[in-house]
Amino acid sequence: MNLAVEGHWDETVRPDGAPSPAWRQLMDALQGLGRRELLLRWERARQLLEDNGVTYNVYGDPRGVDRPWQLDAVPMLLDADEWAGIEAAVSQRAELLDRILGDVYGPQRLLREDALPPELVFAHPGFLRPCHGLAVPGGRHLHVYAADLARSPDGQWWVIADRSQAPSGAGYALENRVVMSRVMPELFRQFPVRRLANYFQTYQESLRRIAPEGRESPRIVLLTPGPYNETYFEHAYLSRYLGLTLAEGGDLTVRDERVYLKTLSGLQQVDVILRRQDADFCDPLELWGESALGIPGLVQAVRAGRVTVANALGSGLIETSAIMAFLPSLCRKLLGEELRMPSVATWWCGHPRELDHTLAHLDQLVLKPALAGSPRASGEPVFGGELSAAERDALAERIRARPHGWVAQEKVALSTVPTGDEDGLQPRHMVLRVYAVTDGDGWFVLPGGLTRVSSTRDSLVVSSQRGGASKDTWVLAPAHEPYVSLLPKAPGPGDVARSSLSLTSRVADNLLWLGRGSERVEAGVRLFRAVFRELSDEPLRPADAPLPDAVEVVDRMGRLGADEGEAPLEDRVLAAVFDREQPGSLAASIAELHRLAWLARDRISPDSWRVLSRLDQEFTAPTVHPALRASAALQTLDRSLLQVAAFTGLAVESMTRTLAWQFLEIGRRLERATQGVELLQATLLEALPEDSRRLETLLDSADSSMTYRARYRASAELPLVLDLLLVDELNPRSVGYQLSGLDERLRALHRAPHDAVRALLARVRETPLDELAALEPTEDGPRRTTLESVLRDLATGLPEIANALNQAYLSHSLQRRQGPGFRPEPA
């Protein structure tokens, strides 16, 4: 199959132009599967990515955090010999850039000797003056590095970008491998693909190695800007995989030149910070004063040698393309070697000869700001060939006015690689991102990396932000490699510890609301299930008939939405269930539950996440004949109830009984009690008509019908229903049970509102049942005034308990929503 594109290197051929045996074997294997099977595998991969919550967020994208990661089903192949050259070149480049950073933030001999123009350093916003002279462990500023590689039309690999600020993508490469191994297992048996785990094992060891002296068991955190960052999935994924604590700036504080993690059990000293946000944002005292994402005093803690930041603050300086023009000479000067892999041809316009060349070939070059590389210094590349004559003249004037601020690069004719879609295999242009992590004296390169491809055949823009896909990258070894685990060797009996992961107030707040959200969704599903059962039983209901009991209950609880007078009842109910734009709808509650699970992504199990992800994906309005909408909606609600129950069961049975579980349970008990009180207020305060089915609706919505029948063996009687749903502390659906559970959960929290919970519990326990059921005359007719008073106290007291918990434990967990905290990498 010929997939070559004229003027571009075809990755399926060898440097001598002959077809690659490995690619031929891969194409034969894919063709052997057949087109239909390939499409099924591709769909399976897409579903796995969605189930695992693999996303790449783009600011301003209407899909928000739900923008799915794109993975192509055809891997990128590299043979062992070619990879050896790439590996050596990337290791050399990482060492060179680290040496440059060491000089720029140290003696600055390169600047004094004019080996590197001072304008590219002192005028660059990425050069952080407060960080000059800071000592770094082992003299290393770079701990992890990434290079974007492209192949020229003659088959030569070039470096087109350096990533030194906070390189992203290694976690996505790992997830790509996991998914591909599940959807294409037979290919991994045929091809000896090098494993990725050794890289991440080295990553773990390198972070432990750079901890300040005297810290034998260092505490390491991954610093993230938060869940709205474009690569937040990767932050949560890597923190779990590497065994790190995921922390936002607000979770950390500096005391006495030491960094501490603020947990519910006290301050815990942090030794190493794996930084995944731009350095500018990291310390508002000495860096960017407007940042609300940083840790005030962090630079001073680094200066004092009490904490290590990886990569070092200020390392983003060398991401500027202008430095590429000087790397060959710098490599000879600092390493005594020739640069193993050239950069894309680069001209810094601060030199007269390079300026003249740029202006003479403006229509053939790509122009970029030489001083970009900071969240406060942005600038899109300008393709000279796409400008009109007048626009090129205007650009030339801008360059002449400020030549040191511009860099020109050759337009890269990216190579092509086979990519699968619904029409079969198609060529797409590709860029390979390769990762390296320091292993002490040298560098360990991830065997593969992240291959990204363009969205169309004609586009040379390779960007995840613009619809591009990714590929699993296979480096072929001479033989299959043994399995490698990141888990350390089993400790001795004396080393076993059952301490929990550090729980910050932000995470505790997220877990509490996750528990509340799951109960709110379950209560809504059960309530609307009762509604649709009644609607299904009354298909011929007259338009002027009274509302069915379940519908009236929903309406009283404010969940039916505004009655505009013209919409049919069934349409109003369907909107209250499935319309995500309607405030308070069940669909909106499910979307909020999904968002809360995303915030607690590093604390819930993959199984729990998949359950909630499926619930969010599958909860859609039925598209059937109008006569069947009620029954179809009922089926959706039945399925949703199973999914919510599965999530609750996984949480209850899988989480260790630490503070994280305690707060999840507290949230569940608070919300189930609140929902129970609201349901009782909407159903039992006034006299019930003789033919009312409200008690049956109440029992059904509270999941207590079977318990009632088994216990009382009688038709629904109000005193018995009240006893079961309000007072009975053995019924897990009753308000009394929730209060008793809250009392038990709060015993582990010393500053919890114990007295308030016990006062409410006593109010329920001590009020006689006959008084609760008794009707009293009022101006509005007979009402159960004692019951009304008890429920009012509960409705007031439960939020007060939640507020007291917030003040005691969660008051500093408010999320600070200023900016992304991370400059999106040109991808």
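Where is Asp703 found? In this predicted model, Asp703 sits in the loop that runs between helix 21 and helix 22 (705-712). Its backbone stands out a little: phi of Asp703 is near 55 degrees, a positive value in a residue other than glycine. As for solvent, Asp703 comes out as partly exposed, because its relative accessible area of 37% falls between the 20% and 50% cut-offs.

A second residue with a positive phi turns up at Gln108, where the angle is near 60 degrees, and Gln108 is not a glycine either. Gln108 belongs to the loop between helix 3 (80-104) and helix 4 (109-112). Buried or exposed, then, for Gln108? The relative accessibility is 16%, and the limit for buried is under 20%, so Gln108 counts as buried.

The backbone has another feature to look at around Asn311. Ala310 and Asn311 are joined by a cis peptide bond, with omega at about -10 degrees. Asn311 itself lies in the loop that links strand 10 (308-310) to helix 11 (327-335).

Now for the empty space inside. Rolling a probe the size of a water molecule over the atoms shows where such space is left. Here the structure holds seven cavities of 30 Å³ or more, and the largest cavity takes up about 250 Å³. Lining that largest cavity are 18 residues, and the closest to its centre are Gln675, Gly676, Leu679, Ser701 and Ala702. Which helices each supply at least two residues of the lining? They are helix 14 (505-537), helix 20 (659-683) and helix 21 (694-701). In chemical terms the lining is a mix, with nine nonpolar residues, six charged and three polar. Helix 21, one of these contributors, also borders the loop that holds Asp703.

Turning to the strands, one open sheet is built from three of them in the order 6-7-8, and the pairing is antiparallel. Strand 6 (252-255) and strand 8 (266-270) are the edges, each pairing on one side only. From one strand to the next, the twist averages 40 degrees. Strands of a sheet pair through backbone hydrogen bonds, either parallel or antiparallel. Between strand 6 and strand 7 (residues 258-263), the antiparallel pairing covers four bridges. A handy spot to look at is Val254, which stands opposite Val259 in strand 7.

What about the cysteines? A search of the whole structure finds zero disulfides, which means that no pair of cysteine sulfur atoms lies within 2.5 Å. Two cysteines can be placed by their accessibility. Cys331 has a relative accessible area of 0% and Cys349 one of 1%, so both are buried under the 20% limit.

Last comes the start of the chain. Pro19 lies in the segment before helix 1 (21-33). Pro19 is partly exposed, because its relative accessible area is 46%, which is between 20% and 50%. Pro19 and Leu446 are 427 residues apart along the chain, and 26 Å separates their C-alpha atoms.

Methods
Residues numbered from 1 in each chain as written. Predicted model: local features only at pLDDT ≥ 70, side-chain atom pairs only at ≥ 80, totals over all residues. Heavy atoms only, no water. Buried < 20%, exposed > 50% of the residue type's maximum accessible area, 1.4 Å probe, protein only. 1 Å grid on protein atoms, 1.4 Å probe; cavity = no way out; pocket = protein on both sides within 12 Å on 5 of 7 lines; lining within 4 Å. Points joined across faces, edges and corners; volume = space filled by probe spheres on them. Nonpolar A, V, L, I, M, F, W, Y, C, P; charged D, E, K, R; others polar. Pairing = 2+ DSSP bridges. Axes fitted to C-alpha atoms, helices over the stretch in contact; angles between N-to-C directions.
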